[in-house]
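I opened this notebook to keep a record of what I looked up in one structure, going from confidence to fold to single residues.

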Amino acid sequence: MIHKLQKGFSLLEVVISLLIISITFVAYSQLIEQNLKSQELKKSFIKDSDNRINILTIYTIEPQIDNTEIAEVFDIRDISETTITKYQKFDEIRIEFSLDNQTTYITVLK
């Protein structure tokens with residue numbers, strides 16, 4: 001009886017293929033992690049931008065509004081105004097406010 005030799009994969013070929021698969025998996029998981037981090041940054045940026053636009057809109061509609069009213073409407077803990085420059089009847093004002101443990105500022109002309 002003659003037995004035919006069956007050729008299979010060598011140990012080296014198996015190890016190399018597993019190495020290629022593991023490198024691909026690590027690269028893919030890092031891409032997913034970066035995507036999740038960028039989504040969080042995007043949410044934070046949009047929320048910060050919305051807060052600035054909302055407060056800027058209030059100051060545009062009613063320039064003489066009191067800071068306590070704004071603090072009530074937007075649930076802001078700290079809000080302060082600092083006059084930067086004055087030109088004739090216009091004041092350039094920096095408005096700082098804290099919302100969700102983050103301090104943000106906008107600059108408006110009043």
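The entries below follow the order in which I looked things up.

**Confidence.** I began by noting that this is a predicted model, and that the protein chain averages a pLDDT of 84, with 95% of the residues scoring at least 70. I then went through the elements and found the highest confidence in helix α1 (residues 11-61), at a mean of 91, and the lowest in helix α2 (residues 67-74), at 78. I keep in mind that predicted coordinates should not be read in detail where pLDDT is low.

**The sheet.** Next I looked up how the strands are arranged, and found three of them in an open sheet, ordered β1-β2-β3 with antiparallel pairing. The strands at the edges are β1 (78-87) and β3, each of which pairs on one side only. Direction ignored, neighbouring strands of this sheet are turned by 20° against each other on average.

I also recorded how the helices lie against the sheet: α1 packs on it and touches β1, β2 and β3, its direction making about 35° with that of β3. Helix α2 packs on the sheet as well, touching β1 and β2, and here the direction makes about 135° with that of β1.

**Strand pairing.** How many bridges hold β1 and β2 together? I found nine, in the antiparallel sense, and I noted two of the pairs by name: Asp78 has Ser98 in β2 as its bridge partner, and Tyr87 has Phe90 in β2. For β2 and β3, which also run antiparallel, the number of bridges is eight. In this pairing Ser98 stands opposite Thr103 in β3, and Ile93 stands opposite Val108 in β3, so that Ser98 appears in my notes with a partner in β3 as well as with Asp78.**The two turns.** I then turned to the hairpins. The one formed by β1 and β2 has two residues between the strands, and Gln88 lies in the loop there. Phi of Gln88 is near 50°, a positive value in a residue other than glycine, and I set beside this the general expectation that most residues other than glycine have a negative phi. Is Gln88 buried or exposed? With a relative accessible area of 69%, Gln88 is over the 50% cut-off and therefore counts as exposed. The hairpin of β2 and β3 also has two residues between its strands, and in that turn Asp100 takes a positive phi near 55°.

**The nonpolar core.** Which residues touch the most other members of the largest nonpolar core? Of the 13 residues in this core, they are Ile55, Tyr59, Ile70, Ile76, Ile79, Ile95 and Phe97. The elements that give two or more residues to the core are α1, α2, β2 (90-99) and β3 (102-109), and the largest share, four residues, comes from β2. I followed Ile95 further and, leaving aside its neighbours within four places in sequence, found contacts that include Tyr59, Ile79, Thr104, Tyr105, Ile106 and Val108. Ser80 and Glu81 are also among the residues in contact with Ile95.

**Thr104.** One of those contacts seemed worth an entry of its own, and I placed Thr104 in strand β3. Its relative accessibility is 5%, under the 20% cut-off, which means that Thr104 counts as buried. Not counting residues up to four places away in sequence, Thr104 touches Asp48, Arg52, Ile95, Glu96 and Phe97. With Asp48 there is also a polar contact of 3.1 Å, joining the side chains of Thr104 and Asp48.

**Lys86.** My last entry concerns Lys86, which lies in strand β1. At a relative accessible area of 64%, Lys86 is exposed. I also looked up the separation of Lys86 and Ile61, and found the two 25 residues apart in sequence and 20 Å apart in space, taken from C-alpha to C-alpha.

Technical notes:
Residues are numbered from 1 along each chain as its sequence is written. This is a predicted model: local features need pLDDT of at least 70, side-chain atom pairs count only at pLDDT 80 or more; totals for chains, interfaces and linings use all residues. Side-chain values use heavy atoms; hydrogens and water are left out. pLDDT is the predictor's confidence in each residue, from 0 to 100. A nonpolar core is a set of buried Ala, Val, Leu, Ile, Met, Phe, Trp, Tyr and Cys residues joined through side-chain atoms within 4.5 Å. Buried means under 20% relative accessible area, exposed over 50%, partly exposed in between (1.4 Å probe, protein chains only). Contact means heavy atoms within 4.5 Å. Two strands pair if DSSP finds at least two bridges between them. Axes are lines fitted to C-alpha atoms, for helices over the stretch in contact, and angles run from 0 to 180 degrees between N-to-C directions. A polar contact is a pair of N or O atoms within 3.5 Å; within protein, one must be able to donate a hydrogen and the other to accept it, and residues adjacent in sequence count only if both atoms are side-chain atoms.
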